[in-house]
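Please look through the sequence and the structure shown here before reading on. The paragraphs that follow lead from the overall picture to a sheet, and from there to the helices and the core.

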Amino acid sequence: MLRLNSVVATGMLLLLGACSSLSKEKRTDAQAAASAKTKHNSKSGLEFVYIPSGKFHFGCEPQDPQCDDDEKPGRDESVSGFWLGKTDVTVAAWQKCVAAGACEEIAKDDEQHRCNYKNGRLDHPMNCIDWKQAQAFCAWIDGRLPTEVEWEYAAKGGESRIYPWGDAPLDATRANVCDKQCRSGDASTASWAATELDDGFAATSSVGSFPAGASRLGLLDMVGNVWQWTASSAADASAKVQRGGAWAEKPSAARASSRYSNDPTTRHASIGLRCGL
Ligand SMILES: [Ca+2]
């Protein structure tokens with residue numbers, strides 16, 4: 001009997017070992033993205049990806065030498081499952097919201113015509129909108145702006161990653177940042193333009209132009225293109241946090257833990273939004 005128990009116990013241990021190694025089996029990002037749950041929002045025409053609940057390290061990753069002080073030391077966070085836009089909110093989606101009477105017409109443009117609304121760039125991210133206008137759009141589709149913790153969790157795919165695609169350095173195929181063209185387009189950004197990069201865009205790009213920069217679950221343009229307003233307040237409680245860097249920012253802002261904030265009334269061609277549901 002003792003011997004039988006021993007055999008059974010050994011078998012159980014082997015089985016547990018097998019289960020454990022299966023659960024640790026590493027899926028590639030392409031496999032993870034292919035099996036991610038997605039849904040179409042008919043009101044806006046936007047796609048959403050389900051981000052399953054989990055825990056992660058919020059803030060500076062130990063392998064990241066570019067972290068700013070406001071990313072350190074980071075902390076453990078838990079996130080409940082939620083839906084996040086696969087792309088930034090587009091001009092086409094914003095037009096639908098305006099037609100429905102739930103969003104404002106955006107009349108303002110900047111002197112370089114980089115605000116996308118009414119400039120014929122329907123598949124570009126909506127920009128030049130303040131925090132309340134961003135909130136109103138998300139409310140229209142029964143959603144909300146994500147918190148910065150949710151945003152970073154999604155950007156990192158729940159893992160320890162510097163960028164949505166992993167730890168490989170940013171290059172011209174990964175994201176739309178302030179590259180050599182950005183310098184020529186706006187003299188004010190010249191001091192931090194990454195002149196060694198040519199990503200092909202002087203200002204915003206059509207959403208999804210950088211598939212090589214996709215996150216583990218297939219989110220596009222999480223970094224670069226436009227900053228994304230979040231629901232979170234900054235250390236200065238009157239300011240709101242924005243994430244992801246932008247076409248007008250240096251590449252180091254396009255890291256998953258990089259943070260920035262602005263007064264909620266700020267409207268700029270480098271700031272847009274992505275909704276959670
Ligand atoms: Ca660029």
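Two strands are taken to pair if DSSP finds at least two bridges between them, and in this predicted model S6 and S7 form a hairpin with 6 residues between them. These two strands run antiparallel and are joined by 3 bridges, and within that pairing glutamine 228 stands opposite arginine 243 of S7.

Before the sheet is followed further, the setting deserves a few words. The protein chain has 277 residues, of which 45% count as buried, and its secondary structure comes to 6 helices and 9 strands. Among contacts between residues at least 6 apart in sequence, 67% join residues that are at least 24 apart. The mean pLDDT of the chain is 90, with 88% of its residues reaching 70 or more; over residues 6-24, however, the pLDDT is below 50, and beyond near neighbours in sequence this stretch has 0 contacts in the model.

The hairpin belongs to an open sheet of 4 strands with mixed pairing, arranged in the order S8-S7-S6-S9. Its edges are strand S8 (259-262) and strand S9 (271-272), each of which pairs on one side only. Helix H5 (residues 148-156) packs on this sheet, where it touches S6, strand S7 (240-243) and S8, and its direction makes about 135 degrees with that of S6. On the S8 side, 4 bridges join S7 to S8, and these two strands run antiparallel; here valine 241 has serine 261 as its bridge partner in S8. On the other side of the sheet order, strand S6 (residues 227-233) and S9 run parallel and are joined by 2 bridges. Glutamine 228 takes part in this pairing too, with glycine 272 as its bridge partner in S9.

How are the two faces of S7 covered, and by which of its residues is this shown? In a regular strand the side chains alternate between the two faces of the sheet. In S7, Lys240 and Gln242 on one side and Val241 and Arg243 on the other are all buried, and both faces of the strand are thus covered.

The next step is to the helices. In helix H3 (residues 91-99), the residues Val91, Ala93, Trp94 and Cys97 are buried. Because these residues cover an arc of only 155 degrees around the axis, they lie on the same side of H3. An α-helix has 3.6 residues a turn, so residues three or four places apart point the same way. The buried residues of H3 pack against strand S2 (46-51) and helix H4 (131-140). After H3 comes glycine 101, whose phi is positive, near 80 degrees.

Helix H4 is mostly covered, with 7 of its 10 residues buried, namely Trp131, Gln133, Ala134, Gln135, Phe137, Cys138 and Trp140. What covers these buried residues includes H3, S6 and S7, and H4 therefore meets both the helix described above and strands of the sheet, given that contact here requires C-beta atoms within 7 Å. H4 is followed by aspartate 142, whose phi is positive, near 60 degrees.

Between H3 and H4 lies a loop in which cysteine 103 is found. Why does cysteine 103 count as buried? It has 22 other C-beta atoms within 10 Å, and the cut-off for a buried residue is 20 or more. Leaving aside its neighbours within four places in sequence, cysteine 103 is in contact with Trp94, Cys97, Val98, Gln133, Ala136, Phe137 and Trp140. Cysteine 103 and cysteine 138 are 35 residues apart in sequence, and their C-alpha atoms are 9.7 Å apart in space.

Several of these residues come together in the description of the core. The largest nonpolar core has 66 residues, and those with the most contacts inside it are Trp94, Phe137 and Leu273. Two or more residues are given to this core by each of S2, strand S5 (82-85), H3, H4, H5 and S6, and H4 gives the most, with 5 residues. Phenylalanine 137, again leaving aside its neighbours within four places in sequence, is in contact with Val89, Trp94, Cys97, Cys103, Leu273 and Cys275.

Terms used: Residues are numbered from 1 along each chain as its sequence is written. Two residues are in contact if their C-beta atoms, placed from the backbone, lie within 7 Å. Axes are lines fitted to C-alpha atoms, for helices over the stretch in contact, and angles run from 0 to 180 degrees between N-to-C directions. A residue is buried if 20 or more other C-beta atoms lie within 10 Å of its own, exposed if 12 or fewer, and partly exposed in between; C-beta atoms are placed from the backbone. The arc is that of the directions from the helix axis to the C-beta atoms. A nonpolar core is a set of buried Ala, Val, Leu, Ile, Met, Phe, Trp, Tyr and Cys residues joined through C-beta atoms within 7 Å. pLDDT is the predictor's confidence in each residue, from 0 to 100.
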